[in-house]
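Reader: I have a structure to look at for class, and I am not sure where to begin. Could you go through it with me?

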Amino acid sequence: MRVDVLFGVQQVTPLDVQGRVVAVIDVLRASTTIAVALASDARAVLPFESSEEMITRSKHLERGSFLLAGERRMHKIEGFDLGNSPLEYTREGVEGKTVLLTTTNGTKALLAVQGARDVVVASYVNLTAVSAMLRTALRGGHDVTLVCAGQDRQFALEDAACAGRYVYAVSKRLTGVDTNDAAYAASLIDKKFGDNLMRLFNTAAHGRALAAAGFGEDLTVCAAVDSYPVIPVYQDRQITKLGPERER
Ligand code: MLT
């Protein structure tokens with residue numbers, strides 16, 4: 001049984017994900033926003049690499065059934081309905097809608113893990129729910145890979161710390177679990193910050209950039225452990241909530 005961590009989407013090779021259960025982590029903010037959107041009963045979230053691709057796809061969808069969402073340099077893309085702030089994804093705003101989403105790193109990371117047995121979207125806001133699902137997979141003999149989206153192809157401290165928290169939650173008290181060195185390093189980072197996630201975010205470059213850009217409140221949402229206990233599953237090019245009808 002293995003739980004491995006990859007620091008950045010550029011490290012992902014088919015072997016790292018093939019047949020494995022993969023969790024994609026972009027704590028600030030795409031993973032959190034996706035969890036909030038699904039908790040607010042968005043019908044599904046569809047990830048895209050570019051806004052052009054997204055607009056082409058939207059032409060095949062029924063008018064009024066979808067929302068165009070995403071950011072570049074943290075800000076809402078001009079003409080879109082929503083940015084990437086979890087605070088925008090209220091029930092009034094997204095219930096029953098298909099959210100087409102493009103973000104700088106998070107949606108790219110999701111698109112990079114093709115070939116996995118299962119793909120889930122992990123963050124602090126759904127830590128217990130997602131780690132329980134990963135733990136069940138691990139106990140069932142499926143290796144787990146935690147992919148940190150990172151920031152502009154760079155290591156992101158907040159994703160690594162969150163991965164460390166998942167390594168602990170997924171493998172605690174299980175014997176015979178091997179991890180790679182990145183998983184060990186991620187665990188050390190998690191221990192360093194402990195439950196003080198605001199200190200983590202205020203230390204991380206992207207957390208500081210978000211605060212400076214006026215998104216300080218988003219950090220509070222992203223730090224609220226287990227506040228949106230959904231399991232977002234990416235399958236057939238869409239992310240939906242794992243529910244009784246989709247139990248695996
Ligand atoms: C991303 O996907 O790069 C992020 O979620 C950026 C952001 O904070 O909006």
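Author: We can begin with the surroundings of the ligand and then turn to one of the strands, keeping in mind throughout that this is a predicted model.

Reader: Okay, which residues are around the ligand?

Author: The residues around the ligand include Asp 26, Leu 28, Arg 29 and Ala 30, and further along the chain also Asn 105, Gly 106, His 206 and Leu 210. Sorted by class, the shell is made up of 3 nonpolar, 6 polar and 3 charged residues.

Reader: And what does Arg 29 do there, in terms of distance to an oxygen atom of the ligand?

Author: An N or O atom in the Arg 29 side chain is 2.7 Å from an oxygen atom of the ligand. Asp 26 also has a polar side-chain atom placed 2.9 Å from a ligand oxygen, while for Gly 106 a backbone N or O atom lies 2.7 Å from an oxygen atom of the ligand.

Reader: How much of the ligand does the protein bury, then?

Author: The protein buries 99% of the 270 Å² that the ligand exposes when taken alone.

Reader: Switching topic: is strand β1 mostly covered or mostly open?

Author: Strand β1, which spans residues 2-7, is mostly covered, with 5 of its 6 residues buried.

Reader: Which strands does β1 pair with?

Author: With strand β8, residues 144-148, β1 pairs in the parallel sense over 5 bridges, and there Asp 4 has Thr 145 as its bridge partner. Strand β9, residues 178-179, also runs parallel to β1 and is joined to it by 2 bridges, with Asp 178 as the partner of Arg 2.

Key
Residues numbered from 1 in each chain as written. Predicted model: local features only at pLDDT ≥ 70, side-chain atom pairs only at ≥ 80, totals over all residues. Heavy atoms only, no water. Near = heavy atom within 4 Å. Polar contact = N/O pair within 3.5 Å; in protein donor to acceptor, adjacent residues only side chain to side chain. Areas by Shrake-Rupley, 256 points an atom, 1.4 Å probe, with all protein chains shown as cover. Nonpolar A, V, L, I, M, F, W, Y, C, P; charged D, E, K, R; others polar. Buried < 20%, exposed > 50% of the residue type's maximum accessible area, 1.4 Å probe, protein only. Helix = DSSP H or I, 4+ residues; strand = E, 2+ residues; numbered from the N terminus. Pairing = 2+ DSSP bridges.
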